[in-house]
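User: Hi, I have a protein to look at and I'm new to this. Can you walk me through it?
Analyst: Sure. Let's bring it up.
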Amino acid sequence: MRLDIRKTTASETLIELGVRMGVSLGGVEACKGPGVPLVGSFTLREALDRAVAGRGCAYALVDARTVRLSPLKPPARPQVVARPVAPTAIEPVAPLAPLIITAGKRPARLGSLPGGVSVIGSPQLQDTGVGETGSVARQTAGFITTNLGAARNKILLRGLSDGAFTGRTQSTVGTYLDDLPVNYNAPDPDLRLIDVERVEVLRGPQGALYGGGSLSGIYRIVTRAPEFGAYSASAGVTFADTESGSNSYRFEGVVNVPTSAQSALRATLYHDVDGGYLDDVNLRLSNVDKTTRRGGRVAWRVERGEWEVRLGVAGQSVSSKDTQYVTLAPGGPRRANQVRETHRNRLGQTSLKISGSGDWGQFESVTGYVAHKFASRYDATLAVTQFAEEGVELGLYDERSRVRMAIQDALYTGPERGRLRWMVGLFAANSIEEGDADLRARSANVTRTVYNENRKDLLNEYAVYGEASYDLGAGWKASVGGRRFKTTVHTRSYVLAPSPGTSRDLDREASFSGFSPKVSLQRDLSGGGMIYALTSEGYRAGGFNSGGLVVPAETRRVFRPDHLRNYEIGATLTPFRGRLNLRTALFYDDWRNIQTDQYFSSGLSYTANIGDGRNRGVEIEAAWRATGRLTVSGNALFNEPKLTRIAPGFGIGATASLPGVPDVSFGSLVTYHRPLTAEATLMLTAETGYIGRSRLTFDPRYSPSMGGYYTGKVSAQVMTDRWRAAVFVSNPWNSSSDTFAYGNPFSFGQVRQVTPQRPRTWSLSLSANF
């Protein structure tokens with residue numbers, strides 16, 4: 001490829017090389033000193049050889065589009081003696097390190113993409129002990145999760161919430177493992193963040209590139225690929241003690257094995273047990289909410305010239321013995337259920353990725369299959385008692401779902417010709433969801449069926465999408481993209497509901513199509529930042545309601561598609577010679593025909609279009625390298641969500657707002673490190689987050705208030721090249737504030753449900769690299 005790169009530092013040269021050649025580079029901060037001009041025609045290897053020569057680093061080709069750089073010498077030794085550092089050669093640390101991201105469907109330097117983009121790299125994930133989705137929230141602006149329990153939660157981005165309940169509506173946030181989505185209308189599977197290269201978060205609708213299910217953004221987990229030419233392994237163990245609760249522990253291991261000069265295998269395994277901390281006074285059981293999680297991944301890749309093939313398999317199983325809410329009662333909060341509310345969530349994924357690049361451009365094909373099974377049990381005694389003709393001893397509700405998705409996504413990026421860059425893709429997905437719901441009541445030791453439904457949904461989505469950007473000169477760039485899509489839904493349902501219910505069958509089909517555009521204008525600044533203006537859209541398909549003891553009313557039998565349009569302006573700034581990295585965006589979102597999952601008085605769910613809404617606000621992320629040893633970063637979201645039109649029939653007041661969306665949320669992270677010896681380094685971290693007050697449902701007149709609480713974690717770690725020992729303290733002030741969750745739909749509205757934070761927890765972890 002013909003190149004003309006003239007940058008001040010080696011890291012900047014490598015970042016620009018990655019962008020020009022369409023490859024992802026990690027660890028560019030390992031290369032020190034001035035940049036080497038790259039002018040002329042180079043292959044990727046030739047350009048890398050020239051760029052890293054004499055810069056104290058080496059590179060490894062992870063795959064055809066991924067390169068990892070690492071220092072030739074241990075980084076701790078030069079820190080023993082403090083020396084003045086030239087302003088242009090500041091060593092970036094975790095929050096400030098330059099990163100190449102691929103969430104925009106092509107490699108780009110973090111800070112160069114228009115929109116609300118956040119990335120947490122592998123060093124920061126490890127330094128702060130981020131192991132699951134909930135821990136990401138404190139380090140990312142506008143990232144909130146519900147707190148029903150592991151693998152039962154919803155992710156909310158940028159204050160765009162359709163409610164706390166999970167039902168037939170497609171998720172507002174698309175969760176991706178590498179290049180494949182792993183959920184549709186299921187709860188977030190809460191994948192363990194082990195052996196992860198980075199986590200990418202895109203806020204705002206991403207319908208143009210990612211289609212349905214990305215209404216408010218994308219949460220993407222990028223795993224580490226197998227590495228050529230190096231055997232490596234790591235293992236870790238963690239033990240945790242929760243005050244007034246059971247102990248927890250975690251085991252994990254990773255191994256990388258080259259199978260030939262141009263192929264390698266990488267495997268990851270983990271097993272976690274989170275001890276319970278709630279006691280059920282009615283069942284006379286202690287620490288009932290124990291959760292077990294186990295899983296792993298295996299990836300194999302081979303490179304042949306310009307082409308690379310990667311085959312991956314991933315799986316995870318989460319089993320919870322009970323939910324984690326309590327009810328307010330005289331004498332204080334307590335848990336007093338008739339039955340344990342168990343939950344199981346099993347996810348399996350298989351993927352095949354074929355990619356190639358050259359002077360002709362780049363091609364990437366991803367084929368995948370996802371199997372997702374989840375099941376929950378609830379105590380339905382209060383709900384069943386309302387319509388039972390005789391005394392009810394126990395009401396029990398079980399629901400089971402099995403989702404199978406087959407996905408094909410092919411993308412071609414044209415060669416760089418002058419000022420124009422473009423790409424075009426084809427997408428196809430087939431999804432089959434089979435569900436079973438069973439509501440039973442026991443009276444006088446006799447159990448009878450109150451309600452049973454067997455339902456099957458077939459969904460097919462086809463789309464063609466693309467994006468083109470043009471360099472207007474003087475630092476200005478314009479980009480236009482869009483997605484033409486068609487979605488078909490076919491639902492079959494068989495309901496058995498003895499009197500006073502109504503048994504019936506349903507067989508209906510519908511088709512939805514449209515176009516989702518994206519337009520942006522940006523200006524790159526000389527200091528490495530940029531300013532931009534952006535408009536984008538997101539959408540979700542409609543569907544059918546079949547549940548309930550009786551036939552749903554005419555206005556409740558169908559829910560229509562919803563649509564969100566986003567307008568934003570933002571900036572990325574790097575003042576003080578790169579010591580400060582600031583990203584901010586001012587946004588306005590217009591949401592039409594909002595889909596939301598609601599519940600009948602029986603506790604059974606349905607989906608409705610509740611009206612129109614909007615949200616406007618500002619989000620801020622900043623990282624500041626105060627000294628060579630101290631880094632401070634923070635994030636905040638200030639927004640003002642509300643319903644602008646309320647559909648008739650819900651009895652909601654005119655002051656209604658989007659549920660579970662606080663007006664303000666923020667987080668901070670402070671990292672300090674210093675050498676202890678020539679081999680060892682001490683690292684101290686402190687992070688905190690605040691979730692403002694909000695309401696659980698749309699109508700503030702009858703919805704309980706929640707939120708207004710802090711979360712946090714502090715740690716002390718000692719590290720060498722091979723070993724790491726760490727002590728973490730989560731929820732250090734032992735707060736028990738009510739978090740964003742609803743607990744049980746069959747007693748919701750009849751008793752006040754509260755979901756407290758996990759009590760103060762001390763963790764000791766030890767890991768080693770081999």
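User: Which residues have the most contacts inside the largest nonpolar core?
Analyst: Val136, Phe143, Leu193, Val199, Tyr219 and Ile221. That core has 49 residues. Keep in mind that this is a predicted model.

User: Take Ile221. What is it in contact with, leaving aside neighbours within four places in sequence?
Analyst: Ile221 is in contact with Tyr176, Leu177 and Asp178. The list goes on with Leu191, Leu193, Val196 and Arg198.

User: And which residues does the second core include?
Analyst: Tyr378, Ala437, Tyr451 and Tyr709 are among them. This core is separate and has 27 residues.

User: Since it's predicted, what is the mean pLDDT of the chain?
Analyst: The mean is 88. Of the residues, 93% reach 70 or more.

User: Where is the pLDDT below 50?
Analyst: Over residues 75-93. In the model, this stretch has 27 contacts beyond near neighbours in sequence.

User: New topic: rings. How many aromatic pairs are there in the whole structure?
Analyst: A search finds 13. One pair is Tyr397 and Phe746, with ring centres 4.7 Å apart.

User: Is that pair stacked or tilted?
Analyst: Tilted, because the planes are at 45 degrees. Stacked needs planes under 30 degrees apart.

User: Where do the two residues lie?
Analyst: Tyr397 is in strand S24, residues 394-413. Phe746 is in the loop between strand S44 (723-730) and strand S45 (753-754). So the pair ties together parts that are 349 residues apart in sequence.

User: Is Tyr397 buried or exposed? What about Phe746, buried or exposed?
Analyst: Tyr397 is buried, at 8% relative accessible area. Phe746 is buried too, at 2%. The cut-off for buried is under 20%.

User: Now Phe600 and Tyr606. Is that pair stacked or tilted?
Analyst: Stacked, because the planes are at 25 degrees. The ring centres are 4.4 Å apart.

User: Why does Phe600 count as partly exposed?
Analyst: Because its relative accessibility is 26%, and partly exposed runs between 20% and 50%. Its partner Tyr606 counts as buried, at 10%.

User: Which residues form an aromatic cluster with Trp307?
Analyst: Trp360 and Phe363.

User: Last one. Which ring does the charged end of Arg158 sit over?
Analyst: The ring of Phe587, 4.6 Å from its centre. There is also Arg483, which lies over the face of Phe427. There the distance to the ring centre is 5.0 Å.

Notes
Residues are numbered from 1 along each chain as its sequence is written. This is a predicted model: local features need pLDDT of at least 70, side-chain atom pairs count only at pLDDT 80 or more; totals for chains, interfaces and linings use all residues. Side-chain values use heavy atoms; hydrogens and water are left out. A nonpolar core is a set of buried Ala, Val, Leu, Ile, Met, Phe, Trp, Tyr and Cys residues joined through side-chain atoms within 4.5 Å. Buried means under 20% relative accessible area, exposed over 50%, partly exposed in between (1.4 Å probe, protein chains only). Contact means heavy atoms within 4.5 Å. pLDDT is the predictor's confidence in each residue, from 0 to 100. Rings of Phe, Tyr and Trp (its six-membered ring) pair if their centres lie within 6.5 Å; planes under 30 degrees apart count as stacked, over 60 as edge-to-face and the rest as tilted. Helices (H or I, at least four residues) and strands (E, at least two) are DSSP runs, numbered from the N terminus. A charge sits over a ring if NZ of Lys or CZ of Arg is within 6 Å of the ring centre and within 35 degrees of the ring normal.
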